[in-house]
Amino acid sequence: MKAPARLACLALTACCSMTAHAQDPEACRTVHFADIGWTDIAATTALASTVFDGLGYKPVKTVASIPIALTGIKSKQIDVFLGDWQPSMDPVAEPFVKAGTVKVLSTPNLTGAKYTLAVPTYEYDAGLKSFADIAKFGDKLQHKIYGIEPGNDGNALVKKMIDSNQFNLKDFKLVESSEAGMLVEVNRAVRNKEWVVFLGWDPHPMNIQLKMTYLTGGDDVFGPNYGEAKVYTMVPPDYLTRCPNAGQVVTNLKFTPGIENQVMESITTDKKEANVAAKEWLKHNPGVLTQWLAGVKTFDGKEALPAVKSYLATQ
């Protein structure tokens, strides 16, 4: 091979190599996550943040309501939101998605979830088995349905039921608080064997800690099969191309109800910080990293899997 041809070939090889291993720009080093105050999102955000820490990125968490989180993605102040529960969140998210200001990744990060109204099992055994039964026990329930934070999609669905007198609920009041605040009220009611109906979901440690039953008959409100949901990841429309390496991590992240319940149990029962719970879980379950880090490099271009494992070993 003549020298010019050989040099051209070497240059082409180097160029291709650089393209194949092109790293994210410095602007992508800080990864901004939205956390809407739910323990499941705190758990998945902490797991993802731990991985990004190990890769040499700088994850940052912003606690915000769902509408503010979506607005943050639209303005590119938020990079990743791991909590798009479909279909229950669709009414809130649809305007952003249709306008092209928020991108929903094509495959869910969690399947097999559910999201609907629930009661302590002693109420179910006493006859409150479906949405149609709630009004019958209005006095026992003090005409209250406990939701979570204002602006939440589940709250909006409950409020719509009340406002439209669906299931004869016009005399009921939606009590908005927070996930923690709601669970305080539910646990107080359970201790006193009082009646309460509340917004429940799985995965969440409440399914382990409470003897609870999901109500039937809410398909037209929360969706079929107890509001069976898939949880998707949201990013700004250009994030995967603007930050391809970080975007690959985000695309790879897949969770299970079992994973989330274990991390959430550490957060709620053991009172550990979410990041501590996530690091401990990953230390004991490093097998998930093979999938999560497929096709990924560290921020400075090194092999991802040994870097993250090395990082976890020091924590």
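The legends below describe close-up views of a predicted model of one protein.

**Figure 1. Overview of the predicted protein model.** The protein has 315 residues, of which 49% count as buried. Its secondary structure consists of 16 helices and 10 strands. Taken along the principal axes, the C-alpha atoms fill a box of roughly 90 × 40 × 30 Å. Among contacts in the protein with a separation of 6 or more, 79% are between residues 24 or more positions apart.

**Figure 2. Aromatic pair of tryptophan 38 and tyrosine 115.** The model contains 13 aromatic pairs. In one of these pairs, the ring centres of tryptophan 38 and tyrosine 115 are 6.0 Å apart, and the angle of 45° between the planes makes the pair tilted. Tryptophan 38 belongs to the loop between strand 1 (30-35) and helix 2 (39-54), whereas tyrosine 115 belongs to strand 5 (residues 110-120), so the pair ties together parts that are 77 residues apart in sequence. Both tryptophan 38 and tyrosine 115 are buried. These two residues also belong to one aromatic cluster, together with Trp85, Phe131, Phe167, Trp201 and Phe222.

**Figure 3. Lysine 129 and the ring of tyrosine 124.** Lysine 129 is placed over the face of tyrosine 124. The distance from lysine 129 to the ring centre is 4.1 Å.

**Figure 4. The largest pocket and its lining.** The space in the largest pocket is about 390 Å³. Its lining has 19 residues, and those closest to the centre of the pocket are Thr39, Glu179, Ala180, Leu183 and Thr268. Two or more lining residues come from each of helix 2, helix 7 (179-191), helix 8 (206-209) and helix 13 (257-268). Helix 7 provides the largest share, with five residues. By residue type, the lining of the largest pocket comprises nine nonpolar, seven polar and three charged residues.

**Figure 5. The second largest pocket and its lining.** The volume of the second largest pocket is about 220 Å³. The pocket is lined by 13 residues, with Ala46, Ser49, Lys61, Ala274 and Asn275 closest to its centre. At least two lining residues are supplied by each of helix 2, strand 2 (58-63) and helix 14 (274-284). Helix 2 gives the most to this lining, namely five residues. The lining of the second largest pocket divides into six nonpolar, three polar and four charged residues.

**Figure 6. The surroundings of asparagine 261 in helix 13.** Asparagine 261 has a relative accessible area of 14%. Residues under 20% count as buried, and asparagine 261 is therefore buried. When residues up to four places away in sequence are not counted, asparagine 261 touches Asp202, Pro203, His204, Pro205 and Ile208.

**Figure 7. The surroundings of alanine 69 in helix 3 (residues 66-74).** Alanine 69 counts as buried, because its relative accessibility is 2%. Apart from neighbours within four places in sequence, alanine 69 is in contact with Ala34, Ile36, Ala64 and Ile78. Leucine 82 lies 13 residues from alanine 69 along the chain, and the C-alpha atoms of these two residues are separated by 11 Å.

Technical notes:
Residues numbered from 1 in each chain as written. Predicted model: local features only at pLDDT ≥ 70, side-chain atom pairs only at ≥ 80, totals over all residues. Heavy atoms only, no water. Phe/Tyr/Trp six-rings, centres within 6.5 Å; stacked < 30°, edge-to-face > 60°. Helix = DSSP H or I, 4+ residues; strand = E, 2+ residues; numbered from the N terminus. Buried < 20%, exposed > 50% of the residue type's maximum accessible area, 1.4 Å probe, protein only. Lys NZ or Arg CZ within 6 Å of the ring centre and 35° of its normal. 1 Å grid on protein atoms, 1.4 Å probe; cavity = no way out; pocket = protein on both sides within 12 Å on 5 of 7 lines; lining within 4 Å. Points joined across faces, edges and corners; volume = space filled by probe spheres on them. Nonpolar A, V, L, I, M, F, W, Y, C, P; charged D, E, K, R; others polar. Contact = heavy atoms within 4.5 Å.
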